[in-house]
Amino acid sequence: MNSMILAMAAFALLTADASGDLLRWMDRTAQSQLDAREKRIAAIRSTEQAAVRQREVRSKILELIGGLPDYNGPLNARVTGRIAANGFRIEKVVFESLPRFYVTGNLYVPEKPGKHAGVLFPLGHWDQGKPAAQLIASNLARKGFVVFAYDPVGQGERLQAYEPRIGRSLAGGSTEQHILNGAQSLLVGESFARYRIWDAKRALDYLASRPEVDTARLGCTGCSGGGTVTTYISALDDRIKVAIPACYMNTWRFLFTGPTGDSEQSLPGFLEAGLDQADFVELFAPKPWMITSTEQDFFKPDAARPVYEEAKRWYAMYGAEDRVKWVIGPGGHGTPKPVREAIYDWFVRWK
């Protein structure tokens, strides 16, 4: 409750602060916190020191989101239909990430028999949900990957506050539904990221349960909000061996005064705890991680560069500079052809 009262008070002050003095003061505070973090990172010179930092960061992130649910119940997964395609099939799947909390997804399975590498594919803020993954998921399936694309809360078949009389959510589009869920989470001292991460963890459980999947070869990719979840789950779940967040990774030095993040993208206390987005990459090290950006995105390439450069120095401690990469594609927010091809190549290289 205290977090919500403080958030409401801060919002009231921001809206009343016509000159922007409060925002500038908050930015100075944030930049100072990031300066302090930068000094701590610069002092890490060995993999032993890196391991200490990784343990601290993991513990702090879990604390900030309110921990993960203490639940080990059944997925109760069902395949509700199948679609035959060229070189693969699509299975329509529904499972429960928590009791009676349903997640819908599409599983892309290559025709070729045997065990295949698996790819978890959380979706970004496209209202249609999992169909937005169709192109990349289909191409990965043709290349021999089993891909599981699933709907986030508030998208696709998982609309919140759905009103059948009007055929849509009363809460608006996907981002508005996430903001609603975010406010509800704050009221109980949690972050909405907790539930997005948990859905991803349980979706990974389902992917790993499939007999067609080699559980030693699991990767994750997603764009925009899917890039956010890719970043989180890859850093926090050791089963993921290859990660490719697209159109998301930026240092908070730029994000603080840039576009407003969705509820799961803005963790209360994150900067104060001495964290920035590079910490997620550094938690994953030295496993292969590729960042993708686009030239005209609101997640700006100039803001991705510091994340990549810091991560590259971190990977150098392990002698693994070739395992971190940054790709910039043309156009705006999304995954244009050069980015998609880089995604395929990175998965094929490290599968």
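This is a short tour of one helix pair, one pocket and one cavity in a predicted model.

**Stop one: a helix pair.** Select residues 134-142, helix 4, together with residues 337-350, helix 11. Their axes lie 11 Å apart and meet at an angle of about 35°. Look along the pair and you'll find a right-handed crossing. Now show side chains: from helix 4, pick L135, I136, N139 and L140, and from helix 11 the residues they meet, R340, I343, Y344 and F347. Colour that contact by class and you get six nonpolar residues, one polar and one charged.

**Stop two: an open pocket.** Next, go to R37, E38, I41, E310 and R313, which sit nearest the centre of the second largest pocket. There's about 360 Å³ of space here, with 19 residues lining it. To see where the walls come from, highlight helix 2 (21-42), helix 8 (252-255) and helix 10 (301-316), the elements that each give two or more residues to the lining. Helix 10 supplies the largest share, six residues. Switch to class colours again: 10 residues of this lining are nonpolar, eight are charged and one is polar.

**Stop three: a closed cavity.** How many cavities of 30 Å³ or more does the model have? Just one, with a volume of about 50 Å³. To find the spot, select Y232, Y248, W252, Q265, L267, F270, Q277 and F280, the residues that line this largest cavity. What does the lining look like by class? Six of its residues are nonpolar, two are polar and none is charged.

Notes
Residues are numbered from 1 along each chain as its sequence is written. This is a predicted model: local features need pLDDT of at least 70, side-chain atom pairs count only at pLDDT 80 or more; totals for chains, interfaces and linings use all residues. Side-chain values use heavy atoms; hydrogens and water are left out. On a 1 Å grid over the protein atoms alone, a cavity is a set of points where a 1.4 Å probe fits but cannot get out, and a pocket is an open set with protein on both sides within 12 Å along at least five of seven lines; lining residues have an atom within 4 Å of a point. Grid points are joined across faces, edges and corners, and a volume is the space filled by probe spheres set on the points. Ala, Val, Leu, Ile, Met, Phe, Trp, Tyr, Cys and Pro count as nonpolar, Asp, Glu, Lys and Arg as charged, and the others, Gly among them, as polar. Axes are lines fitted to C-alpha atoms, for helices over the stretch in contact, and angles run from 0 to 180 degrees between N-to-C directions. Helices (H or I, at least four residues) and strands (E, at least two) are DSSP runs, numbered from the N terminus. A crossing is left-handed if the near helix is turned anticlockwise from the far one by less than a right angle, and right-handed if clockwise. Contact means heavy atoms within 4.5 Å.
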